[in-house]
Amino acid sequence: MPLQANQPYKPAFFEVAQIIDGKAVAAEVRRNVRAEVAVWTSEGHAQPYLAVILVGENPASASYVRGKIRASQDAGIAGDTLTFGANITEQELLDVVRDLGQQPNVDGILVQLPLPDHIRADRIIAELNPDKDVDGLHVVNAGRLATGQVGFIPCTPSGVVELLRHSEIETRGRRVVIIGRSNLVGRPLASLLMHKGYDATVTVCHSRTRNLSEVCREADILVAAIGRAHFVSADMIKPGAAVIDVGINRIEDNSRPSGYRLTGDVDYEAVKEIAGWITPVPGGVGPMTIAMLLQNTLLAAKRRTS
Ligand code: NAP
């Protein structure tokens, strides 16, 4: 039923926000992928194969890549990490990416970002075979998404949409405000939510947006993809809105052996008192990104075979 003017989005019986459990939703997506891979291979097809390129010594990147390979193997997808020292040249990396694009056994290729400063990430991504670009970052896939054609959708935006769908949060006709306009999150998410079927009315904000709090308070669904801890405060939230926190920020925490903990872009404790739904960090959007990567890799294998 359409919302009436001044009608709170939040159903009256919620006292605090419903927590959207990204881990549980991601586990379900991964189980489904595993079951589909099992059927696929039982039909005589080769295991889908994902190649992940890791350059340099960034510990966070290495840990993300380990997680992606583990999750792939768990889903029955064959995966390898191709590791290169930070001194690899741009040309050498271009050759690697081009070669993987031509190898018949490789279904998906992922280049873990960021790359060292001397390598232009946009040049490397431009060299990917768009039909194996399971991260959806190649300009061909970005163009397909922007024009509503079939391609690969970047994993984090499709994870956000899957969380909304799973939580039965209606997007049709709803006002969505996204803070952040990156090619990785904000822009593709805006395109996706405008597609027929999702039918949201989307506003994208960035560092030059005026009256940001006011714009955010109009959102039925607010997505934060900024990269600044606790940036979104309770006074930016319309009561009952769904708040999706994409941010992953390290903040100092001397009580932890690592000396830090992860937190999102949203002031979770304060916002959950006002929002209708909220994603935690960790355990919200993050696990979905990996789950959607597996889904894209299976899709790549199926599309290349058909
Ligand atoms: P990004 O490329 O740095 O983009 C950040 C965006 O935030 C930019 O559009 C920037 O505006 C905007 N912004 C910065 N300060 C602002 C302000 N004061 N007011 C309004 N907008 C502001 O970052 P990203 O790659 O999109 O990532 C965003 C966050 O999501 C990071 O914490 C990242 O770690 C996290 N992330 C998480 C996942 C996941 O799996 N959960 C995946 C990807 C990214 P301008 O364009 O004007 O500079």
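**Exercise 1. Locate Asp199 and His230 and describe their backbone and exposure.**

Solution. In this predicted model, Asp199 is found in the loop between helix H7 (186–194) and S6. Its phi is positive, at about 50°, although Asp199 is not a glycine. As a general background, most residues other than glycine have a negative phi. The next step is exposure: the relative accessible area of Asp199 is 29%, and since partly exposed covers the range between 20% and 50%, Asp199 is partly exposed. His230 can be treated in the same manner, beginning with its place in the loop between strand S7 (221–224) and strand S8 (242–245). Phi of His230 is near 55°, again a positive value in a residue other than glycine, and with 37% relative accessibility His230 counts as partly exposed.

**Exercise 2. Identify where the cis peptide bonds from Leu113 to Pro114 and from Val281 to Pro282 lie.**

Solution. Take the bond from Leu113 to Pro114, which is cis with omega near 0°; Pro114 lies in the loop that runs between S4 and helix H4 (121–127). Then take the bond from Val281 to Pro282, which is cis with omega near -5°; here Pro282 has its place in the loop between strand S11 (277–278) and H10.

**Exercise 3. Work out the order of the strands in the open sheet of six strands, and state which strands stand at its edges.**

Solution. Begin with the order, which is S1-S11-S8-S7-S5-S6, with parallel pairing. Strand S1 (18–19) and strand S6 (201–205) each have a single partner strand, so one side of each is left without a neighbour in the sheet, and these two stand at the edges. The pairings can then be followed inwards from S6, which is joined in parallel to strand S5 (residues 175–179) by five bridges, with Cys205 of S6 as the bridge partner of Ile179. S5 and S7 pair in the parallel sense over four bridges, and Leu222 in S7 is the bridge partner of Val177. Four bridges likewise join S7 to S8 in parallel, where Asp245 of S8 is the bridge partner of Ala224.

**Exercise 4. Determine how the two faces of S7 are covered, and relate Val223 to the largest nonpolar core.**

Solution. On one side of S7 are Ile221 and Val223, on the other Leu222 and Ala224, and all of these are buried, leaving both faces covered. The largest nonpolar core has 47 residues, of which Val33, Ile221, Val223 and Ile244 touch the most other members. Helix H10 (residues 285–305) gives the most to this core, contributing eight residues. Finally, once neighbours within four places in sequence are set aside, the contacts of Val223 are Val176, Val177, Ile178, Ile179, Leu189, Ile244 and Val246.

**Exercise 5. Describe the largest pocket by its volume, its lining and the elements that contribute to that lining.**

Solution. The largest pocket holds about 1,400 Å³ of space. Its lining consists of 49 residues, with Tyr64, Thr156, Ile248, Gly286 and Thr289 lying nearest the centre. Among the elements that give two or more residues to the lining are helix H1 (22–42), helix H6 (155–166), strand S9 (249–252) and H10, while H2 gives the most, with seven residues. By residue class, the lining divides into 27 nonpolar, 14 polar and eight charged residues.

Technical notes: Residues are numbered from 1 along each chain as its sequence is written. This is a predicted model: local features need pLDDT of at least 70, side-chain atom pairs count only at pLDDT 80 or more; totals for chains, interfaces and linings use all residues. Side-chain values use heavy atoms; hydrogens and water are left out. A nonpolar core is a set of buried Ala, Val, Leu, Ile, Met, Phe, Trp, Tyr and Cys residues joined through side-chain atoms within 4.5 Å. Buried means under 20% relative accessible area, exposed over 50%, partly exposed in between (1.4 Å probe, protein chains only). Contact means heavy atoms within 4.5 Å. On a 1 Å grid over the protein atoms alone, a cavity is a set of points where a 1.4 Å probe fits but cannot get out, and a pocket is an open set with protein on both sides within 12 Å along at least five of seven lines; lining residues have an atom within 4 Å of a point. Grid points are joined across faces, edges and corners, and a volume is the space filled by probe spheres set on the points. Ala, Val, Leu, Ile, Met, Phe, Trp, Tyr, Cys and Pro count as nonpolar, Asp, Glu, Lys and Arg as charged, and the others, Gly among them, as polar. Two strands pair if DSSP finds at least two bridges between them.
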